[in-house]
Amino acid sequence: MQGSARRRPFPAAAPGSPPPAGTLFPGRHGAVKGEDTFKTSPFHLDLWFYFTLQNWVLDFGRPIAMIILPLEWFPLNKPSAGDYFHMAYNVITPFLLLKLIERSPKTLPRSMIYVSIITFVMGASIHLVGDSVNHRLIFSGYQHHLSVRENPIIKNLKPETLIDSFELLYYYDEYLGHSMWYIPFFLILFIYFTGCFTPVAEESRMPVAALLLMGPSSLYYWYLVTEGQIFILYIFTFFAMMALVMHQKRKGLVLDSNGLFLFYSFIITLLLIAGWVAWLWNDKILRKKYPGVIYIPEPWAFYTLHMNNLHAAKESL
């Protein structure tokens, strides 16, 4: 054509040839990235800060908000402030986990991530209901350091089949809800951790911001493991991390700043758990509550046993 040049289409790729690097292509499990390469992954200060903040406020802070705020604002037959905190946690945490996975320099199994996120939301929602009722029972004299049937307000219920209903509620809260909540949570963290390796030694260092966040992050994981009674899950995740670090080291790969942040946070968490157990090692009442080989008391059981008594003694003076 006069005055214009005919545009030639891009040549078609040969059958079976790989697509250009970095492009997306459809597959059986959706679009995935091309061949992975080791790329620089800077420390995710924003995501780790949001994680730490919302964990402390929305998870650790929810029972505290329920106890501190006036009961007139949130009657016992209505959701408490802590319940609304829990609802926000159930929405924000999956979103942050997905954003964390998106920033991984390595292509991760998306199907497993999606199933884990769905299970996480289901488990956290189950826990929301059970935990809401259990914490509201504190206002009626329920004592967390005692089993369901040993609680004075429970064992006198008539008919006795009501006690079975409360045990079922406790099962959904402490066992089924925790399992469906925490197993996907730690699985996603480990899957992300598998992509936190680099061949560049200079990238294996943490910025000052990471060091400042490590303390609050580790302390929250301590609360998560002790209150959730998930030490077995935590320690297996930690051992898997250690095994992966040693395996990758043989290949000349080291952890980047994000991997170091996670790994060191888990190490400090283990030290905090050991100190917590050593401190309460000779507590006979808590020993009765947690009779197994692994003795790790829950912080709220310690609170209802010792701190409530301390508050009552102060009020009587």
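**Stop 1: Lys99**

Select Lys99, which sits in helix α2. This is a predicted model, so treat every value on this tour as computed from it. Is Lys99 buried, partly exposed or exposed? Its relative accessible area is 28%, so Lys99 counts as partly exposed. Now add Leu47 to the selection and draw a line between the two C-alpha atoms. The line spans 7.9 Å, although 52 residues separate Lys99 from Leu47 in sequence.

**Stop 2: the whole chain**

Zoom out and color by secondary structure. You should find ten helices and four strands. Starting from the N terminus, the order of elements is β-β-α-α-α-α-α-β-α-α-β-α-α-α. The chain has 317 residues, and 43% of them are buried. Pairs like the one at the first stop lead to a wider question: among contacts between residues at least 6 apart in sequence, what share joins residues at least 24 apart? The share is 76%.

**Stop 3: the cavities**

Turn on a cavity display. Four cavities of 30 Å³ or more are present in the structure.

Go to the largest cavity, which holds about 220 Å³ of space. Its lining comprises 22 residues; show Asp131, Glu174, His178, Glu227 and Glu298 as sticks, since these lie nearest the centre. The helices that each give two or more residues to this lining are α1 (45–68), α3 (110–136), α5, α6 (208–228) and α10 (299–316). Which element gives the most? That is α5, with five residues. By residue class, the lining of the largest cavity has eight nonpolar, six polar and eight charged members.

Next, move to the second largest cavity, at about 70 Å³. To see its walls, select Arg62, Pro63, Met66, Ser80, Gly82, Asp83, His86, Leu128, Asp131, Ser132 and His135. Keep an eye on Asp131, which is in the lining of the second largest cavity and is also among the residues nearest the centre of the largest one. At least two lining residues come from each of α1, α2 (81–102) and α3. Here α3 gives the most, with four residues. The second largest cavity is lined by three nonpolar, five polar and three charged residues.

**Stop 4: α5 against α7**

Hide the cavities and select residues 161–193 for α5 and 231–250 for α7. A packed pair of helices is described by the angle and the distance between the two axes. For this pair, the axes come within 11 Å and cross at roughly 10°. The angle is under 35 degrees, so α5 runs roughly parallel to α7.

Show side chains to see who meets whom. From α5, pick Tyr182, Ile183, Phe186, Phe190 and Phe193; from α7, pick Leu233, Tyr234, Thr237, Ala240, Met241, Leu244 and Val245. How many of these contact residues are nonpolar, polar or charged? Eleven are nonpolar, one is polar and none is charged.

While you are in α7, click on Ile235, another residue of this helix. With a relative accessible area of 11%, Ile235 is buried. Its C-alpha atom is separated by 9.0 Å from that of Phe266, which is 31 residues away along the chain.

**Stop 5: two backbone details**

Start with the loop between α4 (152–155) and α5, where you will find Pro159. Look at the peptide bond from Lys158 to Pro159: it is cis, with omega near -5°.

Then jump to Gln229, in the loop between α6 and α7. The phi of Gln229 is near 55°, a positive value in a residue that is not glycine. Both details merit a stop because most residues other than glycine have a negative phi, and most peptide bonds are trans. Gln229 is partly exposed, at 36% relative accessibility.

**Stop 6: Tyr295**

Finish in the loop between α9 (284–289) and α10 by selecting Tyr295. Is this residue buried or exposed? Tyr295 is buried, because its relative accessibility is 3%, below the 20% cut-off. Leaving out residues up to four places away in sequence, Tyr295 touches Val277, Leu280, Trp281, Asp283, Leu286, Arg287 and Tyr290. For a last distance, pick Phe231: its C-alpha lies 9.8 Å from that of Tyr295, with their positions 64 residues apart in sequence.

Methods:
Residues are numbered from 1 along each chain as its sequence is written. This is a predicted model: local features need pLDDT of at least 70, side-chain atom pairs count only at pLDDT 80 or more; totals for chains, interfaces and linings use all residues. Side-chain values use heavy atoms; hydrogens and water are left out. Axes are lines fitted to C-alpha atoms, for helices over the stretch in contact, and angles run from 0 to 180 degrees between N-to-C directions. Angles under 35 degrees count as roughly parallel, over 145 as roughly antiparallel, 65 to 115 as roughly perpendicular and the rest as oblique. Contact means heavy atoms within 4.5 Å. Ala, Val, Leu, Ile, Met, Phe, Trp, Tyr, Cys and Pro count as nonpolar, Asp, Glu, Lys and Arg as charged, and the others, Gly among them, as polar. On a 1 Å grid over the protein atoms alone, a cavity is a set of points where a 1.4 Å probe fits but cannot get out, and a pocket is an open set with protein on both sides within 12 Å along at least five of seven lines; lining residues have an atom within 4 Å of a point. Grid points are joined across faces, edges and corners, and a volume is the space filled by probe spheres set on the points. Buried means under 20% relative accessible area, exposed over 50%, partly exposed in between (1.4 Å probe, protein chains only).
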